[in-house]
Every structure is written in C-alpha cells, then in structure tokens.
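Please open the model in your viewer and keep the sequence panel beside it, so that each selection can be followed in both. The tour begins with the whole chain and then moves from one local site to the next.

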Amino acid sequence: RDREREQRESGGERRGPTGPVQTHKVKRIAPNMLQPLLRVIHPLPVPLFGSVKTASLYLCAKSKFVPRLAGWALPLSAGGLWFVWPAVDDGWKIEMGLQSAPAKV
C-alpha cells in the first residue's frame, strides 16, 4: 500500500535504487503509419512460404532459437574453413595477400 501511495504522489513514477523506474509498457512505433505499408507488402508472393506475411511470421518464430546456437559459431566457422580452405584457388590467395607467391626457378 505504501508503494501505491508513493506512485500516486509521484505521478506514477516509482523510484528504484538507481533512479526512477518506468511502470508503463513501451508503445509500438507508430503502428498507424505502418498499416498502409504492411497492407501492400504482406500479400506479396514469396517462394516456399506463399506470402511475405507468412514468411515474416515463420522467421520471427525461428529467430528465437538463434541465441541457443551462438556457442556453435566459432566451432562451425573453424570446421567450415578447414573444409573449404584447400578448395580455394592459390591464385586468389596470392592476390588477396593470404599466401606468398611461389619462388621462381
């Protein structure tokens, strides 16, 4: 009850250990301005998904899984380089300065 009274007295602003704490939810950025654009973009066709709306909903749902894979970024990169590096042309490696030119006889 004391906390509620403090909120009323301070105009809805709560004080935390580091300063004021906002108690209201953050509003979406101008949803009214985006509606006409979304009405045009959502029905556009996208291969495999059907529409932009379906594709965006699918990708948003799958993007929640990405942080769990962050620990695999370095091992997969090293494995990919180990597998692909021998297939890269020596001329390209020399041109990019990643390998020295062979000695001329």
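With the whole protein chain selected, residues 24 or more positions apart account for 0% of the contacts that have a separation of 6 or more, a contact being a pair of heavy atoms within 4.5 Å. This is a predicted model, in which local features need pLDDT of at least 70 and side-chain atom pairs count only at pLDDT 80 or more, while totals for chains, interfaces and linings use all residues. Residues are numbered from 1 along each chain as its sequence is written, and side-chain values use heavy atoms, with hydrogens and water left out.

Colour the chain by secondary structure next: there are 5 helices and 2 strands, arranged along the sequence as α-β-β-α-α-α-α. Both kinds of element are DSSP runs numbered from the N terminus, helices being H or I over at least four residues and strands E over at least two. If a surface is then drawn, the accessible area of the protein chain is about 10200 Å², and 63% of it belongs to carbon and sulfur atoms; such areas come from the Shrake-Rupley method with a 1.4 Å probe, and for residues only the protein chains shown count as cover. Of the 105 residues in the protein chain, 4% are buried, where buried means under 20% relative accessible area, exposed means over 50%, and partly exposed lies in between (1.4 Å probe, protein chains only).

Select leucine 48, in the loop between helix 2 (31–41) and helix 3 (52–63). What is the sign of phi at leucine 48, which is not a glycine? The phi of leucine 48 is positive, at about 75°. Most residues other than glycine have a negative phi. Leucine 48 counts as exposed, with a relative accessibility of 88%.

Move on to phenylalanine 49 and add tyrosine 58 to the selection. The structure has 1 aromatic pair, and phenylalanine 49 and tyrosine 58 form it as a tilted arrangement, 5.3 Å centre to centre with 45° between the planes. The rule pairs rings of Phe, Tyr and Trp (its six-membered ring) whose centres lie within 6.5 Å, with planes under 30 degrees apart called stacked, over 60 edge-to-face, and the rest tilted. Both partners are partly exposed, phenylalanine 49 at 31% relative accessible area and tyrosine 58 at 40%.

Go now to helix 5 (residues 90–95) and select lysine 93. Is lysine 93 buried or exposed? Lysine 93 counts as buried, at 7% relative accessibility. Leaving aside neighbours within four places in sequence, lysine 93 is in contact with Trp85, Val88, Leu98 and Gln99. A polar atom of the lysine 93 side chain also lies 3.4 Å from the backbone oxygen of tryptophan 85.

Adding aspartate 90 brings up the 1 salt bridge of the structure, defined as a side-chain nitrogen of Lys or Arg within 4 Å of a carboxyl oxygen of Asp or Glu. Its N to O distance is 3.9 Å; because lysine 93 and aspartate 90 are 3 residues apart in helix 5, about one helical turn separates them. Aspartate 90 is partly exposed, at 43% relative accessibility.

Finish with Leu81, Trp85, Trp92, Met96 and Leu98, which make a nonpolar surface patch of about 530 Å². Patches are made of residues with over 30% relative accessible area and no salt bridge, with nonpolar side chains (Val, Leu, Ile, Met, Phe, Trp, Tyr) joined within 5 Å and like charges within 9 Å. Tryptophan 92 lies in helix 5 and is partly exposed, with a relative accessible area of 39%.

Notes: Polar contact = N/O pair within 3.5 Å; in protein donor to acceptor, adjacent residues only side chain to side chain.
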